[in-house]
Amino acid sequence: MNRVTPFRAATFFVWFILATIRPQAAWAAEQPVDQAVVTKLTKAIEDEIYARGYETKYADLGEPREHGEHRLPVYIQPSISDGHGWTIYKLMPFGEIYRMYSVSKDGAVSLHGNPSNGFPPTQPDYLTLYMDDEDLCKTKNGWRKEYFSIELHPSAKRVTEARVHQRQLGSSPK
Amino acid sequence: MGNDPLDRTDPTGNDACQTGTTCPPPPKPPDATPTQKIGNVVHNETSGLRSSSKEGAGSSKDLHDAKVAVAHVVANREKAGVNGGVASDKVNSGEQKTSQYKDAQSAASEASQQKDTTGGAKNYVLDYGQKMPGWVGKMDATQSFGPFNNKSGGGDVTQGADVTIKILVPKEPN
């Protein structure tokens, strides 16, 4: 008969607790991008645009929708490695960029790099015009395609929220 | 008299500024020298990096040496009339108070007073594990510094020790 001794039960309990806690304590070397990361990443992209006042540059881009909103694609590398992933999207007035982002242990998503630097090819965030055309097409085809939305005339409340969020992540406009 | 410091009518002389009609524009800060501008580029390229070990590769000395090498490359590009392709040469006053900024300026100054140690290199790249621009594959790394920690998201938390700085020269034709 297979009896569960108190010792084995306690061991199992400790193992269960550790297994439950671990995902919050450390990043797996590589893991797939889930919907929560996608939502936070698109929000971070929108926040940066509003915080820096770039929204007016989106009038002729993407898919125009109701209330002056424009929907644009964002391509997301399907996995995160050591808390880092890459994304491709159009950040006006610079153009299309390949950009690194980080996911902290508590799940916050922040974009790497300072737009004031202009995304040179020396950094992990750079304009896609520096990429090989074929490589860029292949990359976009292999990545997850999602969308972010930009209002050409956001409310003051939304802009304030974006600035606060940027400050919390330590990436206020410089 | 409007701004008489003796009868204290307007001891600071700023009352007129309240009306906005006669206030002179604030004095402009002096222009940065060419070496300071190179130091600014070096800072904007490397300000997110931190040493990952006490000595040897990845140490603070290694990071400083990397900054000196990058300063040489930026100077080589300027001598060759190559514009753009590197980070901005503007740094805000808040950033100028950081130890990273002072180290970058010190590295630029050091580079300006010594012989080029990069063999005339005109390219470098910070390798975070990103997909590299196409032209990087046609270059050889003559010097490599790091790995350094990456300060993510503007916070104080470092993630990974996987950023290397590579000094690049065109591959020798076979």
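These legends walk through several close-up views of a predicted model.

**Figure 1. Chain A at a glance, with its 4 helices and 9 strands.** Start at the N terminus and the elements come in the order α-β-α-β-β-β-β-β-β-β-α-β-α. Chain A has 174 residues, and buried ones make up 44% of them. Take the contacts in chain A with a separation of 6 or more: 67% of these join residues that sit 24 or more positions apart.

**Figure 2. Where chain A meets chain B, with 28 residues from chain A and 24 residues from chain B in the contact.** Put together, the two chains bury about 2,100 Å², and carbon and sulfur atoms account for 48% of that. Three residues to look for are N117(A), T122(A) and Q123(A), which supply 26% of the area chain A buries against chain B, more than any other three residues.

**Figure 3. Polar links across the interface, including the salt bridge between D135(A) and K131(B).** How many salt bridges does the rule find between chain A and chain B? The count is 1. In the bridge from D135(A) to K131(B), the closest N and O atoms are 3.6 Å apart, which is within the 4 Å cut-off and therefore counts. Polar contacts are there too: 10 residue pairs between chain A and chain B, both partners at pLDDT 80 or more. On the side of chain A that touches chain B, the elements giving two or more residues are β5 (84–91), β6 (95–103) and α3 (133–142). β6(A) gives the most, with 4 residues. Sorted by class, this side of chain A has 11 nonpolar, 13 polar and 4 charged residues.

**Figure 4. The ring pair Y58(A) and F148(A), one of 7 aromatic pairs over all chains.** The ring centres are 6.5 Å apart and the planes meet at 85°, so this pair is edge-to-face. The two partners come from distant parts of the chain, 90 residues apart: Y58(A) is in the loop between α2 (35–51) and β2 (63–64), while F148(A) belongs to strand β9 (residues 144–151). Are these two residues buried or exposed? Y58(A) has 0% relative accessibility and counts as buried. F148(A), also at 0%, is buried as well.

**Figure 5. Y98(A) and Y126(A), a tilted pair within a ring cluster.** Here the centres lie 5.1 Å apart with the planes at 45°, so the pair is tilted. Y98(A) is in strand β6 and Y126(A) in strand β8 (residues 126–127), so the pair ties together parts that are 28 residues apart in sequence. Both Y98(A) and Y126(A) are buried. Which residues make up the cluster? Ring pairs link W86(A), Y98(A), Y126(A) and W143(A).

**Figure 6. R71(A) and its surroundings in strand β3 (residues 69–76) of chain A.** With a relative accessible area of 22%, R71(A) is partly exposed, because the buried class stops at under 20%. Leaving out residues up to four places away in sequence, R71(A) touches G62(A), E63(A), R65(A), Y147(A), F148(A) and S149(A). F148(A) in that list is the ring partner of Y58(A) from Figure 4. For a sense of scale, the C-alpha atoms of R71(A) and K43(A) are separated by 13 Å, with the two residues 28 apart along the chain.

Definitions and conventions. Residues numbered from 1 in each chain as written. Chains lettered and ligands numbered in written order. Predicted model: local features only at pLDDT ≥ 70, side-chain atom pairs only at ≥ 80, totals over all residues. Heavy atoms only, no water. Contact = heavy atoms within 4.5 Å. Buried area = accessible area lost by both parts, 1.4 Å probe. Salt bridge = Lys/Arg side-chain N within 4 Å of Asp/Glu carboxyl O. Polar contact = N/O pair within 3.5 Å; in protein donor to acceptor, adjacent residues only side chain to side chain. Nonpolar A, V, L, I, M, F, W, Y, C, P; charged D, E, K, R; others polar. Phe/Tyr/Trp six-rings, centres within 6.5 Å; stacked < 30°, edge-to-face > 60°. Buried < 20%, exposed > 50% of the residue type's maximum accessible area, 1.4 Å probe, protein only.
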